[in-house]
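Subject: Structure for your review

Dear colleague,

Please find below the structure that I am handing over to you. I would be grateful if you would read the notes beneath it with the coordinates open.

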Amino acid sequence: MLNQPSPLQLIQDEFLTQRRIRLFVKRDDLIHPQISGNKWRKLKYNLQAAKQQQQKRLLTFGGAYSNHIAATAAAGKIFGFETIGVIRGELVKPLNPTLSIALELGMRLVSVKRKAYRQEKTEIAAGLQNELGKCYVIPEGGSNTLAVKGCAEIIAEISEQLGGELPDYICVSCGTGGTAGGLVTGLNGMSLLKVYPALKGDFLKDEINSLIWEAVEKKYNNWQLVTDYHFGGYTKWNQELIDFINTFYKKFSIQLDPIYTGKLFYGVWNDIEKGKFKDGSTIVVIHTGGLQGIAGFNQRFGDLLQFNMEM
Ligand SMILES: Cc1ncc(COP(=O)(O)O)c(C=O)c1O
């Protein structure tokens, strides 16, 4: 059911050959059609823990287009949990593709005003558990210590696929920091991890450090934030980003999403052009999925992303 280890795909292109760069994509987007990318990595040990604790329900948080909400709904259906999704803001009808699918998969959707959502997650979870019964609570974006443990496993897979070596650089997108935190712990001081936030602000440095600390009680210096490619903030985009994603698909048949992976690959491509990676180096870019969000994006903005929507 799960395509693991996910493929490590070499990208062949004149642009890369000229710069003597070997670039691989870790295709975690292919792990599962509904629980894809970092979502499976983050949920894996949480699902195990919920089973061990004999919990029947998963409760989690997310925005109306959240990849994590969609993946948790699917994981609940497949692994036999009821699911509750606490959604930031109103549930606008008709529901967007993300929420429609979550609902179809049996998720109970609870809308919470934006301010309360920001400030009162613990109280909201407690209130819902009073009403519905005990739940296994997973934070927004799925980022907790068990998510860090799951994401760390990406590194061992990559190393095995590269014949026991590690690349010079690993590049990953970032929202809440759990995936990056996991990669740092998996690297355990080796290679350089470049983290491309999909949103503005360098608060993520502290978030990632504290997720690492909670997981392994260590500090690492072999990672950095690259803050030049958020395109104005979370969910912000421009035509240049859309053109890049469409061209990337035409050239390599790899779909990217406009919120996370599109910005990441755009950033990596630009940084290669600017000489920010050592000549002759090997780079692995992690494809963290997020493709379920494309339908909602195209619905809102008019079919800007031109690729086959079958997933
Ligand atoms: C597709 C995709 N890529 C990357 C990320 C960022 O991961 P993290 O929240 O662990 O930083 C997310 C959000 O969870 C995501 O949905």
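The notes below go from the whole chain to its domains, its sheet and then individual residues.

**Overall form**

Please bear in mind that this is a predicted model. The chain contains twelve helices and ten strands. Its radius of gyration is 19 Å, close to the 19 Å that the globule rule gives for 311 residues, so the chain is as compact as a globular protein of that length. The C-alpha trace spans about 60 × 45 × 35 Å along its principal axes. Of the 311 residues, 43% count as buried. Among contacts in the chain with a separation of 6 or more, 72% are made by residues 24 or more positions apart.

**Domains and their interface**

The domain assignment divides the chain into domain 1 (8-37 + 144-301) and domain 2 (38-142). Domain 1 is thus given as two segments, while domain 2 is given as one. The C-alpha centres of domain 1 and domain 2 are 25 Å apart. Across the interface, 28 residues of domain 1 are in contact with 24 residues of domain 2. On the domain 1 side, the elements that give two or more residues are helix 7 (145-161), helix 8 (178-187) and helix 12 (293-301). Helix 7 provides the largest share of that side, with seven residues. By class, the side of domain 1 that touches domain 2 comprises seven nonpolar, 18 polar and three charged residues.

**The four-stranded sheet**

Strands of a sheet pair through backbone hydrogen bonds, either parallel or antiparallel. Here, four strands form an open sheet in the order 5-4-3-6, with parallel pairing. Strand 5 (108-112) and strand 6 (136-138) are the edge strands, each pairing on one side only. From one strand to the next, the twist averages 20°. Strand 3 (residues 57-62) and strand 6 run parallel and are joined by three bridges. Within this pair, Leu58 has Tyr136 of strand 6 as its bridge partner.

**Strands 7 and 8**

A further parallel pairing, over six bridges, links strand 7 (residues 169-174) and strand 8. Here Tyr169 has Leu192 of strand 8 as its bridge partner. Five of the six residues of strand 8 (residues 192-197) are buried, so this strand is largely enclosed by the rest of the structure.

**Lys263**

Is Lys263 buried or exposed? Lys263, which belongs to helix 11 (residues 261-273), is buried, because 27 other C-beta atoms lie within 10 Å, and the cut-off for a buried residue is 20 or more. Leaving aside residues up to four places away in sequence, Lys263 touches Ser173, Tyr196, Ala198, Tyr229, His230, Phe231 and Leu241. For one of these, His230, the C-alpha to C-alpha distance from Lys263 is 6.7 Å, although the two are 33 residues apart in sequence.

**Backbone features to inspect**

Most residues other than glycine have a negative phi, and most peptide bonds are trans. Four places in this model depart from that pattern, and they are set out here in turn.

- The peptide bond from Gln4 to Pro5 is cis, with omega near 0°. Pro5 is located in the segment before strand 1 (8-11).
- Lys93 and Pro94 are also joined by a cis peptide bond, with omega about -5°. Pro94 sits in the loop between strand 4 (82-88) and helix 4 (97-104).
- Asn188 is not a glycine, yet its phi is positive, at about 45°. This residue lies in the loop between helix 8 and strand 8. With 13 other C-beta atoms within 10 Å, Asn188 is partly exposed.
- Ser191 likewise has a positive phi, near 55°, in a residue other than glycine. Ser191 is placed in the loop between helix 8 and strand 8. In contrast to the partly exposed Asn188, Ser191 is buried, with 23 other C-beta atoms within 10 Å.

The loop between helix 8 and strand 8 therefore holds both of the positive-phi residues described above, Asn188 and Ser191.

Yours sincerely

Note on methods: Residues are numbered from 1 along each chain as its sequence is written. This is a predicted model: local features need pLDDT of at least 70, side-chain atom pairs count only at pLDDT 80 or more; totals for chains, interfaces and linings use all residues. Two strands pair if DSSP finds at least two bridges between them. Axes are lines fitted to C-alpha atoms, for helices over the stretch in contact, and angles run from 0 to 180 degrees between N-to-C directions. The radius of gyration is taken over C-alpha atoms; the globule rule is 2.2 Å times the number of residues to the power 0.38. A residue is buried if 20 or more other C-beta atoms lie within 10 Å of its own, exposed if 12 or fewer, and partly exposed in between; C-beta atoms are placed from the backbone. Two residues are in contact if their C-beta atoms, placed from the backbone, lie within 7 Å. Domain bounds come from an automatic or database domain assignment. Ala, Val, Leu, Ile, Met, Phe, Trp, Tyr, Cys and Pro count as nonpolar, Asp, Glu, Lys and Arg as charged, and the others, Gly among them, as polar.
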